[in-house]
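Hi there,

Here is the structure I promised to pass on. Have a look at it first, and then read on for what I found.

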Amino acid sequence: MGCKDFPSKDSVTGQDCPHELNSVSEHSPGIVTDDEDLVRAVFSPIHINEVTGELDPSAFSDVKDKGLSTDRESHTTRESIVNRANNKVEEDKASGKTDRELVGFVKACCADIRSIVDEENERCFCVYDTGLADNSAHSDTCQSEKHSSSRSSGKKFRKRLKDKFSISPLSPESYLANT
Amino acid sequence: MLTGTEIMFLATAAVPFKTEVPSWATPPPVTVGEQYNRDIGQQFVSYSIPEDYTYTIDKNKLIDKLYSYLDLGDDWDGYGGKAPSLKAILEATNFLKSLKTKVLPYTMLSGDGEVGLYWEQDGYFVDIGFYGDGEYSYYAEGPNLEPLSSDHSEVSMGLDAELEEFLSNLS
């Protein structure tokens, strides 16, 4: 599944993010509601600015095509989120990405992501319940076609999305302890 | 019985080579702008550290980082990321070399193979991207400044004048 599978505007009614209204995955516990917290695992060196310790804007670049993967915190446990991230590191290392490390986690509220609109009050991002067979809490955030078709617009709203997430990642230990 | 010559040879061979580092081989701590005098054995030299000493070193580190992207193949990020093209890396590198901004950018790489340079400090944000098609795109915003953007700036023309002026606010 990728963002192209979910057109961000209904061609008849003009409604934004029509696929948010119904579940898009048989593995999902239900659509993503506004009050949910979405957690993203952060890995070095691919997501992080080694100088500032903050996220690179490019850490959100998948939002325009593949979808920005997050876990729905209310439908899983923190231990599961950390375990999945650690498993991902092991998979990457096994496939030759030996420099890969888990830095931690950043979080955003779904309503904040959905509230990002352009000058014409059109939604820039849609959030879908893309549950997986081995992770029903999986979700994806996709940039609307309108805003991903222009390179500069993509950069502008990628920055808006980045600002909705916590600035610096919480370490796995802090994330587990910070209930 | 060993001859005198053989004993001399063995004695010489048993003594490890002395590997003292000559004093001139180790750079001393330096301060930008100060004058230094050094005796390098056969001649006495006088020099000063240029103002852009650390700037040049830092810029070279960024160039090295951009070149390191050449080692990446498809799926470099573990999420099916596209490897950056050689041309995109060279465009970003040449662009960086030509920059005369007071503050250097950070480098980044996106999952679709875009090579990026960005600044983010004190409320200023500038994001420039290269795909290797001869054009670069950017978005810039800052306190009390009108945002700037472009989808199709020509790499061969260098930094857009208005973006250059925008970047002069960073210090």
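Helix H4 (151-164) of chain A lies across S5, S6 and S7 of chain B, and runs at about 35° to S6(B). Please keep in mind that this is a predicted model. The contact between the chains takes 19 residues from chain A and 21 residues from chain B. On the chain B side, the elements that give two or more residues are strand S3 (106-109), S4, S5, strand S6 (135-142) and strand S7 (145-154). By class, that side of chain B has nine polar, eight nonpolar and four charged residues.

Those strands of chain B are worth a look in their own right. Five of them form an open sheet with antiparallel pairing, in the order S3-S4-S5-S6-S7. S3 and S7 of chain B are the edge strands, each pairing on one side only. Ignoring direction, neighbouring strands of this sheet are turned by 15° against each other on average. At the S3 edge, S3(B) and S4(B) run antiparallel and are joined by four bridges. If you want a landmark there, Tyr106(B) stands opposite Tyr118(B) in S4(B).

As for the rest of chain B, there are four helices and seven strands. From the N terminus on, its elements run α-β-β-α-α-β-β-β-β-β-α. Of the 171 residues of this chain, 23% count as buried. Among contacts in chain B between residues at least 6 apart in sequence, 38% join residues at least 24 apart.

One helix I looked at in more detail is H3 of chain B, residues 86-98. Its 13 residues reach 18 Å from the first C-alpha to the last, close to the 18 Å expected at 1.5 Å a residue. The buried residues of H3(B) are Ala88(B), Ile89(B), Glu91(B), Ala92(B) and Thr93(B). What covers them includes helix H2 (53-68), strand S4 (115-121) and strand S5 (124-130) of chain B.

Now to the cores. The largest nonpolar core has 34 residues, and the members that touch the most others are Val42(A), Phe105(A), Phe125(A) and Val127(A). In chain A, the elements that give two or more residues to this core are strand S1 (37-44), helix H1 (78-94), strand S3 (101-109), helix H2 (110-114), strand S4 (125-128) and helix H4 (151-164). H4(A) is thus on both lists: a contributor to this core, and the helix that lies across strands of chain B. Apart from the largest core lies another, of 23 residues, including Tyr69(B), Val115(B), Tyr139(B) and Leu163(B). In general, nonpolar side chains tend to be buried together in soluble globular proteins.

Back in the largest core, Val127(A) is in contact with Glu20(A), Val32(A), Cys110(A), Ile113(A), Arg114(A), Ser139(A) and Thr141(A), leaving aside its neighbours within four places in sequence.

Lastly, there is Asp129(A), in the loop between S4 and strand S5 (138-143) of chain A. Is this residue buried or exposed? Asp129(A) counts as buried because 25 other C-beta atoms lie within 10 Å, and the cut-off is 20 or more. Not counting residues up to four places away in sequence, Asp129(A) touches Ser23(A), Val24(A), Ser25(A), Ser28(A), Gly30(A), Ile31(A), Val32(A) and Ser139(A). Asp71(A) is 58 residues from Asp129(A) in sequence, and the two are 9.6 Å apart in space, C-alpha to C-alpha.

Best wishes

Methods:
Residues are numbered from 1 along each chain as its sequence is written. Chains are lettered from A and ligands numbered from 1 in the order in which they are written. This is a predicted model: local features need pLDDT of at least 70, side-chain atom pairs count only at pLDDT 80 or more; totals for chains, interfaces and linings use all residues. A nonpolar core is a set of buried Ala, Val, Leu, Ile, Met, Phe, Trp, Tyr and Cys residues joined through C-beta atoms within 7 Å. A residue is buried if 20 or more other C-beta atoms lie within 10 Å of its own, exposed if 12 or fewer, and partly exposed in between; C-beta atoms are placed from the backbone. Two residues are in contact if their C-beta atoms, placed from the backbone, lie within 7 Å. The expected span of a helix is 1.5 Å times one less than its number of residues. Ala, Val, Leu, Ile, Met, Phe, Trp, Tyr, Cys and Pro count as nonpolar, Asp, Glu, Lys and Arg as charged, and the others, Gly among them, as polar. Two strands pair if DSSP finds at least two bridges between them. Axes are lines fitted to C-alpha atoms, for helices over the stretch in contact, and angles run from 0 to 180 degrees between N-to-C directions.
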